[in-house]
Amino acid sequence: MSEPYSSRRALRWIWLGCIPEPGTAAGDLITEHFHGDIDAIYEADREEYREIKGLSENIIDRLCDKSLDFSEEVAEYCAGHGVDLLCPDMPAFPARLAGIQRRPLLLYVRGVLPPIDENVCIAVVGTRHQSEYGAAVTYSIAYDMAKAGVIVVSGLARGVDGMAHRAAIDAGGKTVAVLGGGVDRPYPAEHAELLEEITHNGAVLSEYRPFDSPASFHFPARNRVISGLSVGTLVVEAPRSSGALITARDALMQGRDLFAVPGKLGENNSTGTNDLIKSGAAIATCASDVIERYLPLYPGRLDPAVLSVPKPKLRKPPAMPKPGDLPERFDPEEEKREEPDAPSAPGKRSEKPAKRRGILDRLTGNREPEKSPAAPSVPLSEAEEAILALIPIDGSVSSDELIRLSGKPLSEVFTTLTVLEVKGVLRALPGGQFTRS
């Protein structure tokens, strides 16, 4: 029998999890400097913290406050409300999350988290304003995937997220919801019953404390956890402004696979997904299009024989572009001979095929200047202009530095960054950096 996890260490992880905002680079800087040793992190002094390059003085001040009173209150609340703690040094903490950038410092859990690393987990994301077409496609694909043994991961939001969870439960499968607030704070409110069902058919996870209410700037941060838990992300229906495209970008930056469902031409909900397909995302018209990739990688974990009759595919595939029409990083011959990637070891990045690199370039804007269209002229508020002015024309700056330079509350800066990213004025880079589009 394994040794019980030390309550002292759990309290210290709660303490650390309350210091950097989830989704920022500070957590990585701290844990990497101390090699993930929570006792060393907690027991260090100001001078040791100052050795960490890039750590703000505000974070250092908070690290120097060693009181665990609030951590004890959080732990007591969790114990009384059926919430478990999942710390990075616990055996059950998913290795998939340990290898991503801006990894979670702590997860609060309701339900029973399935063995993530041993199974095929697919994130299913899309717009909150799904059409009848989007709802039908989401339910059909998510139901069949769950029936075949896939763990469906999503964010419990309205629209595609909720439909994916519903389908997985109806199929008798497992599903995991990652929230932008506490695990006992269903959002939207009408999904309260669905949240409870998920706890009996999988788990609800969050980096935020159980009593924390959801906030707009939490959702872009939680998207990296949705994609990080998964071997692939399926975007069903999403306009170009959809937060689902942030999840798609995170998936590619984490070295995960990306799938997209073709959308109806001329409809706003199809613009984002069709852009992904044009950039190289794999087309998914039924569950088989997704799970066939993982049959040789996860032997015995999937049962394609239980799938319902495959849905009709496009009668005529789109014509392949000529080599001269493709981005420089896309090699059609490489695409043709590409073999399934072997599962990478925890903490290691898998080599990205040229196709994946091309999609990532499109989503993050890393393209040749002469091929990159001019940023759209959009009206900005005074607060948005102020934050944008802090980002160099030909450089990048971290979110932590923007908080320091602006002197504004963390929540306000994160909300503004999210709006600017949606407007196409700036883009996020690896390591929590932001640059102008």
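How many disulfides does the structure hold? The count is 0. The model is a predicted one. Its sheet is open and built from 9 strands with mixed pairing, and the structure also holds 7 cavities of 30 Å³ or more. The points below cover the sheet, strand E6 within it, the second largest cavity, the cysteines and some backbone details.

**The sheet**

- The strands follow the order E1-E2-E6-E5-E4-E3-E7-E8-E9.
- Strand E1 (84–86) and strand E9 (282–283) stand at the edges with a single partner strand each, so one side of each has no neighbour in the sheet.
- In the strand order, E6 sits between E2 and E5.

**Strand E6 and its two partners**

- Strand E6 covers residues 202–206, and 5 of its 5 residues are buried, so the rest of the structure largely encloses this strand.
- On one side, E6 runs antiparallel to strand E2 (residues 107–111), and 4 bridges join the two.
- Two of the residue pairings between these strands can be named: Arg110 has Val204 of E6 as its bridge partner, and Gly111 has Ala203 of E6.
- Strand E5 (residues 175–178) pairs with E6 in the parallel sense, over 4 bridges.
- Thr175 stands opposite Gly202 of E6.
- E5 and E6 also belong, together with helix H10 (residues 192–200), to a β-α-β unit that is right-handed.

**The second largest cavity**

- What is the volume of the second largest cavity? About 130 Å³ of space lies in it.
- The lining of this cavity consists of 15 residues.
- Those nearest the centre of the cavity are Pro20, Pro22, Pro104, Leu105 and Glu207.
- By class, the lining of the second largest cavity holds 6 charged, 5 nonpolar and 4 polar residues.
- Rolling a probe the size of a water molecule over the atoms is a way to show where empty space is left.

**Cysteines**

- A disulfide joins the sulfur atoms of two cysteines by a covalent bond.
- With 0 disulfides in the structure, Cys78 and Cys286 can be described by their accessibility.
- Cys78 has a relative accessibility of 3%, which is under the 20% cut-off, so Cys78 counts as buried.
- Cys286 is also under that cut-off, at 4% relative accessibility, and therefore counts as buried.

**Backbone details in loops**

- Most peptide bonds are trans, and most residues other than glycine have a negative phi.
- Where is the cis peptide bond that involves Pro188? This bond runs from Tyr187 to Pro188, and its omega is near 0 degrees.
- Pro188 belongs to the loop between E5 and H10, two elements of the right-handed β-α-β unit.
- Arg102 is not a glycine, yet its phi is positive, at about 55 degrees.
- The loop that holds Arg102 lies between helix H7 (95–98) and E2.
- Is Arg102 buried or exposed? Its relative accessible area is 15%, under the 20% cut-off, so Arg102 is buried.
- Leu156, likewise not a glycine, has a positive phi of about 65 degrees.
- The position of Leu156 is in the loop between strand E4 (151–154) and helix H9 (160–170).
- Leu156 has 0% relative accessibility and so counts as buried.

Conventions. Residues numbered from 1 in each chain as written. Predicted model: local features only at pLDDT ≥ 70, side-chain atom pairs only at ≥ 80, totals over all residues. Heavy atoms only, no water. 1 Å grid on protein atoms, 1.4 Å probe; cavity = no way out; pocket = protein on both sides within 12 Å on 5 of 7 lines; lining within 4 Å. Points joined across faces, edges and corners; volume = space filled by probe spheres on them. Nonpolar A, V, L, I, M, F, W, Y, C, P; charged D, E, K, R; others polar. Buried < 20%, exposed > 50% of the residue type's maximum accessible area, 1.4 Å probe, protein only. Pairing = 2+ DSSP bridges. Right-handed = clockwise from strand over helix to strand, strands pointing away. Disulfide = S-S within 2.5 Å.
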